[in-house]
Amino acid sequence: MNLEDKIYVAEWLGVEVEKVKVEIEIEPIDKFIKQITEAMLSYANFPKDKKRTDRIVKLLKGGAPVLPVYVEKSDNNFFIMEGRHRIVAFYILGIKEIPVAKCSVLM
């Protein structure tokens, strides 16, 4: 798990990094099609996002590991807190199942 991603998720959840519980599950990428489509449609207005996604595609083609996207465990809509560029890269490369880090707050 990438520490930088976990820090971002902790900020998103409003807790300290140590309070973030992460469970990795493999999910079909189809659960994220709406978010993928919205991201791809936004690239005309946000060319830096497209460049970032293109860089991730290149890294993955070069053998970089498929890192998870991060969602809140209780969110049935699977809103991606971290990894939006990553998931578009996975889609472009035809990856059908992806690691999803389902995050919650430790009590």
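This is a short walk through the sheet, one of its packing helices and the two largest pockets of a predicted model.

Let's begin with the sheet. It is open and has 4 strands, in the order β1-β4-β2-β3, with mixed pairing. At its edges stand β1 (20-28) and β3 (80-82); each has a single partner strand, so one side of each is left without a neighbour in the sheet. On average, neighbouring strands are turned by 40 degrees against each other, direction ignored.

The mixed pairing is easy to follow from strand β2, residues 69-72. With β3, this strand pairs in the antiparallel sense over 2 bridges, and if you look up Tyr 70, you will find that its bridge partner in β3 is Glu 82. With β4, in contrast, β2 pairs in the parallel sense, over 4 bridges. Here Val 71 has Lys 102 of β4 as its bridge partner. In general, strands of a sheet pair through backbone hydrogen bonds, either parallel or antiparallel.

Now turn to what lies on the sheet. Helix α4 (residues 84-92) packs on it and touches β2, β3 and β4 (97-105). The direction of α4 makes about 110 degrees with that of β3. Which residues of α4 are buried? They are His 85, Arg 86, Ile 87, Val 88, Ala 89 and Phe 90. Their cover includes the strands β2, β3 and β4, along with the helices α1 (3-13), α2 (33-42) and α3 (47-61). After α4 comes Gly 94, which has a positive phi, near 80 degrees.

Helix α4 also leads us to the pockets. The largest pocket has a volume of about 310 Å³. Of its 17 lining residues, Arg 52, Ile 56, Leu 59, Leu 67 and Arg 86 are the closest to the centre; Arg 86 is also one of the buried residues of α4. The elements that give two or more residues to this lining are α1, α3 and α4, and α3 gives the most, with 5 residues. Sorted by class, the lining has 7 nonpolar, 3 polar and 7 charged residues.

The second largest pocket has a volume of about 240 Å³. It is lined by 14 residues, and the closest to its centre are Gln 35, Glu 38, Ala 39, Ser 42 and Arg 84. Two or more lining residues come from each of α2 and α4, with the largest share, 6 residues, from α2. This lining divides into 7 nonpolar, 3 polar and 4 charged residues. Helix α4 thus appears among the contributors to the largest pocket and to the second largest.

Note on methods. Residues numbered from 1 in each chain as written. Predicted model: local features only at pLDDT ≥ 70, side-chain atom pairs only at ≥ 80, totals over all residues. Heavy atoms only, no water. Pairing = 2+ DSSP bridges. Axes fitted to C-alpha atoms, helices over the stretch in contact; angles between N-to-C directions. Contact = heavy atoms within 4.5 Å. Buried < 20%, exposed > 50% of the residue type's maximum accessible area, 1.4 Å probe, protein only. 1 Å grid on protein atoms, 1.4 Å probe; cavity = no way out; pocket = protein on both sides within 12 Å on 5 of 7 lines; lining within 4 Å. Points joined across faces, edges and corners; volume = space filled by probe spheres on them. Nonpolar A, V, L, I, M, F, W, Y, C, P; charged D, E, K, R; others polar.
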